[in-house]
Amino acid sequence: MITLLLVVEPLLFAAAAFAAGTRRAVLRALLTGGAALHLILTLGCLLLDRDTTAFRRRGVELLAADTTALVFLGITSVLFLLVAVHTLLWLPAANRCEYRTGNGGGSPRMLRENLYTGGLLAFLSMMSLVILARNFGLLWVAIEATTLVSAPLIAFHRSPGALEAMWKYLLICSVGIGFALFGTLMLANAGRCADGTILGLNIDTLLQFSNRLNPVWFKAAFIFALAGYGTKMGLAPFHTWLPDAHSEAPATVSALLSGALLNCSFLALIRFLEVAPVDLRGFCSELLGALGILSLATAAFFIIRQSDFKRMLAYSSVEHMGLAALLWSLGCVDYSLLHLCGHSLIKMMLFLVAGNLLLAYGTRSVAAVGELFATVPRNATVWLLGLFLICGTPPSPLFVTEYLLVAEAPLWLGATVLLLLFAVFCGMSQAFLRMAMGNCTNRQPENVPVRAAERLWPVPVFAALLTLAGGLVLTCLLNRGGL
Amino acid sequence: MTGWTEIVLAALLISDLSLAAASRLYHCIKLAALQGLLLGLLPLVIWNWQESPPHWELLLVAAANIVIKCVALPCLLARAMRRANVRRELEPLAGYSASLLIALTLAGASFYFCSRLGIAPDSPSLLAAPVAFTTMLIGLFIIIARRKAITQAIGFLTFENGIAVFGTGMMLDWGLLVELGILLDVFVLVFVMGIAVFQISREFDHIDADRLNRLGDRPVHAAGDTAESAEVNES
């Protein structure tokens with residue numbers, strides 16, 4: 001029953017937040033309370049065994065937490081709590097800056113605070129549903145619902161850019177996921193055996209009888225699902241909505257989109273891969289791997305000389321999703337999950353710092369930001385630390401997974417990956433170092449936004465320490481040959 | 001099984017073709033409502049009434065389909081249309097006669113494709129799969145070939161109808177919970193799209209999706225280049 005609570009609890013908090021109106025103290029209590037309770041329930045899920053936590057209807061498991069789901073659930077829950085705490089600090093700061101200077105990072109707000117808080121909590125609920133669903137139909141419903149609740153969050157500020165990003169996100173993702181629905185239908189059709197039994201769409205049934213699926217229909221189903229959920233996950237060439245949405249959304253929403261939502265979409269693909277008949281495993285892995293390497297190449301191409309630092313982070317997400325897909329296609333399932341966890345934490349931290357810089361400077365342009373160490377030293381330190389962590393410098397956890405990827409892959413693939421990773425590193429470090437140390441024309445005086453941004457350090461620093469600790473443990477394990 | 005299935009499917013096909021050639025938005029919305037009605041009727045006419053009366057879940061899904069897709073969604077779209085103050089799709093990217101021709105080609109291609117596919121012989125109607133493919137393709141075509149954001153929403157609705165026709169026509173069972181979940185998703189999606197259309201029309205004074213091209217990866221010094229964004233729009 002805990003799994004049902006995990007989905008319902010944030011939804012109830014969201015409804016309460018919606019009803020709370022303009023009482024800010026109540027809203028903030030609801031946001032952190034909902035996030036903390038979700039984390040406690042997740043811990044409960046980790047400790048209890050699967051049969052006690054599962055939710056059944058007419059004897060069929062609808063929601064349950066298997067090992068993969070637990071990993072995703074844990075990272076989503078931790079991430080959401082961190083983002084909620086950051087929101088507590090960030091929203092008052094942004095309000096104060098808006099009040100003092102007349103603009104706190106741009107246009108008037110489209111969402112009132114209660115809608116924003118409610119939207120975040122509903123987003124958490126739908127992501128939990130994606131992670132726990134044990135039925136392909138339910139999985140689709142949940143993924144589409146994450147699009148719907150996160151689209152208004154992107155247009156938090158009613159700027160032309162944000163509205164454009166929201167429209168593209170809605171349309172491209174919905175059409176993409178429409179293909180996934182078609183793929184799911186084809187899967188249902190593949191489950192109609194010649195002897196008249198119908199396997200249905202329950203994941204556990206399909207896992208058990210995966211060899212009875214019709215191979216031709218399953219191939220078609222997988223291709224459609226790959227295109228559909230791949231769109232949501234940001235795999236090239238379906239990634240076109242991603243840089244727009246991630247760069248226009250407020251920092252906290254970008255952090256969640258990149259750190260949690262992309263993982264959830266990958267999980268949907270993983271479910272399809274898990275039920276693949278043995279003969280078709282190779283086919284599915286090859287397709288996934290091809291899209292992975294294409295994503296890596298696309299991201300490397302667009303990161304070099306990128307002029308907008310939030311877009312750069314968004315393309316870096318495309319890159320890491322590609323790497324995770326590549327790891328999965330090579331059969332290194334655990335490393336792929338490890339890579340996703342590491343990426344989620346680091347990318348959340350970077351997006352939050354990017355939001356702080358946006359608050360301080362009022363621009364997303366790399367060229368207009370400079371001398372970070374003189375203006376916002378704490379943010380600058382975390383920003384540079386983030387650069388090295390995301391590019392896989394040891395002891396980053398990403399170093400371990402990328403090393404294992406290159407070690408496992410055939411020579412030509414390993415060499416290509418290394419080359420592309422190097423290109424990404426060059427592109428990112430050029431922009432980051434220029435922002436941190438280069439000269440800048442509009443140097444910010446010690447004003448209200450700069451001081452406010454400087455006070456928003458706790459969550460990014462905590463995330464950085466967490467990642468470093470995890471990375472050190474992993475590197476030691478790697479050194480001893482434990483991986 | 002007395003030919004009613006074929007009649008409903010043929011009506012769906014006709015509504016697809018008229019949708020491809022319709023220029024007034026109100027007309028498009030009415031056609032989308034008609035499709036919703038036909039989609040709601042489809043499971044009822046496919047059911048074999050002589051053997052047994054249908055169970056309540058089937059009736060509930062059919063009723064929910066008709067209420068949401070034939071009444072609620074068209075009302076939402078019409079409201080968004082009035083608030084955004086648009087009546088017609090002027091200057092579509094593909095003209096109306098050309099659109100009709102392309103729609104016919106798409107329909108022909110789907111029929112040919114499905115004849116090659118070898119649909120299971122126990123499916124209720126041979127027309128179901130080709131009509132579903134045609135509806136999906138024409139929905140996608142409308143999304144690509146029309147400028148107004150609201151027409152794109154109608155195109156998406158058509159695309160989704162096509163998927164639903166495939167599901168019903170091939171007698172694939174989702175289960176009640178998922179079926180209602182999908183309907184709810186589509187309803188909320190059109191609701192959110194309606195809000196987005198209103199906000200876009202307020203902010204930009206137009207709802208031409210092909211002119212939503214400010215975002216993109218331009219080189220630092222050439223800010224006028226929008227080729228990349230145009231690509232984003234199309235996909």
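I started with chain B, whose secondary structure comes to eight helices and zero strands. Helices here are DSSP runs of H or I with at least four residues, strands are runs of E with at least two, and both are numbered from the N terminus. From that end on, the elements of chain B run α-α-α-α-α-α-α-α.

Ground rules, for my own record. This is a predicted model, where local features need pLDDT of at least 70 and side-chain atom pairs count only at pLDDT 80 or more, while totals for chains, interfaces and linings use all residues. Residues are numbered from 1 along each chain as its sequence is written, chains are lettered from A and ligands numbered from 1 in the order in which they are written, and side-chain values use heavy atoms, leaving out hydrogens and water.

Still on chain B, I looked up burial: 54% of its 235 residues count as buried. Buried means under 20% relative accessible area, exposed means over 50%, and partly exposed is in between (1.4 Å probe, protein chains only). For contacts (heavy atoms within 4.5 Å), I took those in chain B with a separation of 6 or more, and 74% of them are between residues 24 or more positions apart. Chain B exposes about 10,700 Å², with carbon and sulfur atoms supplying 64% of it. Those areas come from the Shrake-Rupley method with a 1.4 Å probe; for residues, only the protein chains shown count as cover.

Next, the cysteines. I found zero disulfides over all chains, taking a disulfide as a pair of cysteine sulfur atoms within 2.5 Å. Why does C173(A) have no bond to C264(A)? The closest cysteine sulfur to that of C173(A) is in C264(A), and at 13 Å it is too far for a bond. C173(A) is buried at 0% relative accessibility, and C97(A) is buried too, at 1%.

Then I went to the core. A nonpolar core is a set of buried Ala, Val, Leu, Ile, Met, Phe, Trp, Tyr and Cys residues joined through side-chain atoms within 4.5 Å. The largest one has 259 residues, and those with the most contacts inside it are W167(A), F218(A), W383(A), M428(A) and F432(A). Its largest share, 19 residues, comes from helix α7 (residues 160–190) of chain A. I followed F218(A) further: leaving out residues up to four places away in sequence, its partners include L187(A), A190(A), F272(A), P277(A) and C284(A).

On the surface, L43(A), L46(A), L47(A) and L48(A) make a nonpolar patch of about 420 Å². L46(A) sits in helix α2 (residues 24–47) of chain A and is partly exposed at 45% relative accessibility.

I also checked V333(A), which lies in helix α14 (residues 333–361) of chain A and is partly exposed at 30%. Its C-alpha is separated by 9.8 Å from that of I270(A), 63 residues apart along the chain.

Last, the backbone oddities. The peptide bond from A236(A) to P237(A) is cis, with omega near 0°; P237(A) is in the loop between α9 (215–233) and α10 (241–248). The bond from P394(A) to P395(A) is also cis, omega near 5°, and P395(A) is in the loop between α16 (377–390) and α17 (397–408). R305(A), not a glycine, has a positive phi near 60°. R305(A) is in the loop between α12 (281–303) and α13 (309–329) and is exposed at 55%. E371(A) is not a glycine either, and its phi is positive at about 50°.

Definitions and conventions
Patch = residues over 30% accessible without salt bridge, like charges linked within 9 Å, V, L, I, M, F, W, Y side chains within 5 Å. Salt bridge = Lys/Arg side-chain N within 4 Å of Asp/Glu carboxyl O.
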